[in-house]
Amino acid sequence: MPTVNKLVDRLNRYLPFDPGHDQIYEEHASSTDSFNIETKAFEYLVKVCNEGANAIVLTGDAGHGKTHLCRRLIERFCVDEFLSKQQKEDESRKFINERCDGLQQIDTSLTGLRSKFRIFKDFSELAIDVAAARLEEALADDTSITVLCANEGRLRAALATPDAGERGRSIRERFESSFLDGLCSNDNDIHVVNLNYQSVAGEFVEDSLFKKAFKFWLDMRRWRSCENCESKQRCPILHNRDLLDDRNEKNRQPPLEQVNLLFKTLERADTVITIREMLMIVAYMLTGGLDCNTVHRQSGKFGWARRYSFYNLLFERPETLSKEQLSSIKTLAKLSKVDPGLCATRSTDDLLINEIGIFEPHQIDLEFSAKLEEGVIAKIDAAQGIDQVLMTATSKNDRVREASLSREIVRTLRRRAFFYGIGYEQNPLEKLGFRFGDLFNKIINEEISGINFGQLKSRIVTGLRHIQGIRVGEAKSTLELLDPAFGRMGANGGILAGTIPPQYIDLKPLEKQWNLGDDADALHKSVDWLSRAIVLLIRQNNIDEPKKLIMDLSMFDCLMRASEGHVPVIFYQNDIRMILDFLGELAENIGTQEDTINVVSESGTYAVILDEKESVVYVERG
């Protein structure tokens, strides 16, 4: 009887490839299979419940864990502490399914004036007007903490109706203010926890939710049944488990650090990854949708397992899964934009193709079976490079097959090299397509100061000038703004709306521009926070409140490419449009003298002064 590891079936229950993936939804999860991941959001909720908050609003996209957090609160404060862990979870899930409609009070172990819960597990289950009225009723209960779960759109719609009373309007005001001041709460009365700010990756791998998930599933005790399996040497599932294990001595670089780097980069490029999707991705990276019986049937075949290596699964669809199935994990589509297999650097490619011993031979993830010539099936070990691919091409089809196989092998080697830290030194993000990723990270971590920061601002100004079409004149630290009424700069010149000196330009990580104290109920303290964006702040006319442009990694990379004189307009068209809109708003608000027109041209900047009294036009060099 072939060995079957029950863990593989449990992992596949997290995958949305068939109706049996109920494990991923909190209401239907089983306590024997569920995974209670520890998050900062839960720590924050426990704290404010103990402090007697009036209302707690959990908002964010579906899958961030709003219902899960409610169940954990019930398990913490409402269930008999003498029950077993499994019994507590079962009992708390029963509460979620039966008593969390916002109408019922739930007794808790909390002390103080508010010692009960009223929980709305899903605001979307109610009609908008009913939801607003029911929320107002719950908030009027002075003995209860109201916990509200709602996505952003539903929350805005319900709180904008006439049925939303004074308390509901207070929640809306706090929610809208949170984007401006970075606070969950300013009075310990209403707390808004925005889970869209929650990150599954961390600045360091040890801080990431990905690491916690992998640590749970990679525990060797869960894989003991595989030790005596007849197919273990040819099993891609077990091989993925070994490849991802940071404790594997054969790994040159801890691969989970690179997994964290990949998803950290994706989040910094404006991709929101929910905990639900993270768990799907972890399960997918380990199993690829395979089960033990399929592995036993295929284990005798050469070259089949490589498509199920975790680093190929992230970027290429295996033949056993359809596009429709993979589309259920939306983040996978975003990963194609950061595929290290598509980034060519000569030094790395020479190393992977020509050097022997970079990878150990006879590993199933590097085995290729291919038809090179008519009737000839070759078994290729990619650890030896691509020399084995060479053949005597006698037709166009032969050349196409050879080129296709070589390309496939090189992409596989590049991907594996990325996850094991091979072939790069200074800027690993360049392997993901972000030439200026390392500079972005230095700004995020506030590692640039003094003259280097001044040089950075000059590059920012150069990039902003280039995007406006100003490609003439000497490099400047002063930002010139074209008048939006006259469009972008033409071949001979453009009309300037005004200029902004470098001392009025600044760059900060997003959370730093809020300038909050250590004791504040800050957004970045309420969730597992990854600093994903930097803010370009520009003051004008000595106004204290600066204009702000929030830049993710993609927009920053666009701006830095522009500072070097060229930017792919079609690829970065959304980023360029947002930058131009920002500059246009600055230009409209800047103060200029009505009788003076400033012009920039190939020969420099000029002031055109109109003297209406004498009907004379003066032109002065700027």
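Which residue just after H18 takes a positive phi? In this predicted model, the residue is Glu446, with a phi of about 55°. The surroundings of helix H18 are described below, after an overview of the protein.

The protein has 622 residues, of which 54% count as buried. Its secondary structure comprises 22 helices and 17 strands. Among contacts with a separation of 6 or more, 67% link residues 24 or more positions apart. The exposed area is about 29,100 Å². Carbon and sulfur atoms supply 47% of that area.

Helix H18 spans residues 437-444. Of its 8 residues, 6 are buried, so the helix is largely enclosed by the rest of the structure. The buried positions are Gly437, Leu439, Phe440, Asn441, Ile443 and Ile444. Their cover includes three helices and three strands: H10 (255-268), H19 (450-468) and H21, together with S11, S13 and S14.

Strands S11, S13 and S14 also form a sheet of their own. The sheet is open, and its order is S11-S13-S14. The pairing is antiparallel. Strand S11 (505-509) and strand S14 (547-551) stand at the edges. Each has a single partner strand, so one side of each is left without a neighbour in the sheet. Neighbouring strands are turned by 25° against each other on average, direction ignored. Strands of a sheet pair through backbone hydrogen bonds. Between S13 (residues 534-538) and S14, 5 bridges are found. One bridge partner pair is Leu537 and Lys548, the latter in S14.

Two helices accompany this sheet. Helix H21 (residues 553-563) packs on the sheet and touches S13 and S14. The direction of H21 makes about 105° with that of S14. Helix H22 (residues 573-589) lies across S13 and S14. The angle between H22 and S14 is about 175°. H21 thus has two roles in this description: H21 packs on the sheet, and H21 is also among the elements that cover the buried residues of H18.

The cysteines were examined next. A disulfide is a covalent bond between the sulfur atoms of two cysteines. A search of the whole structure finds 0 disulfides. For Cys100, the closest cysteine sulfur belongs to Cys70. The two sulfurs are 6.6 Å apart, which is too far for a bond, because a disulfide requires sulfur atoms within 2.5 Å. Cys100 counts as buried, at 6% relative accessibility. Cys184 is buried as well, with a relative accessible area of 0%.

Technical notes. Residues are numbered from 1 along each chain as its sequence is written. This is a predicted model: local features need pLDDT of at least 70, side-chain atom pairs count only at pLDDT 80 or more; totals for chains, interfaces and linings use all residues. Side-chain values use heavy atoms; hydrogens and water are left out. Two strands pair if DSSP finds at least two bridges between them. Helices (H or I, at least four residues) and strands (E, at least two) are DSSP runs, numbered from the N terminus. Axes are lines fitted to C-alpha atoms, for helices over the stretch in contact, and angles run from 0 to 180 degrees between N-to-C directions. Contact means heavy atoms within 4.5 Å. Buried means under 20% relative accessible area, exposed over 50%, partly exposed in between (1.4 Å probe, protein chains only). Accessible areas come from the Shrake-Rupley method with a 1.4 Å probe; for residues, only the protein chains shown count as cover.
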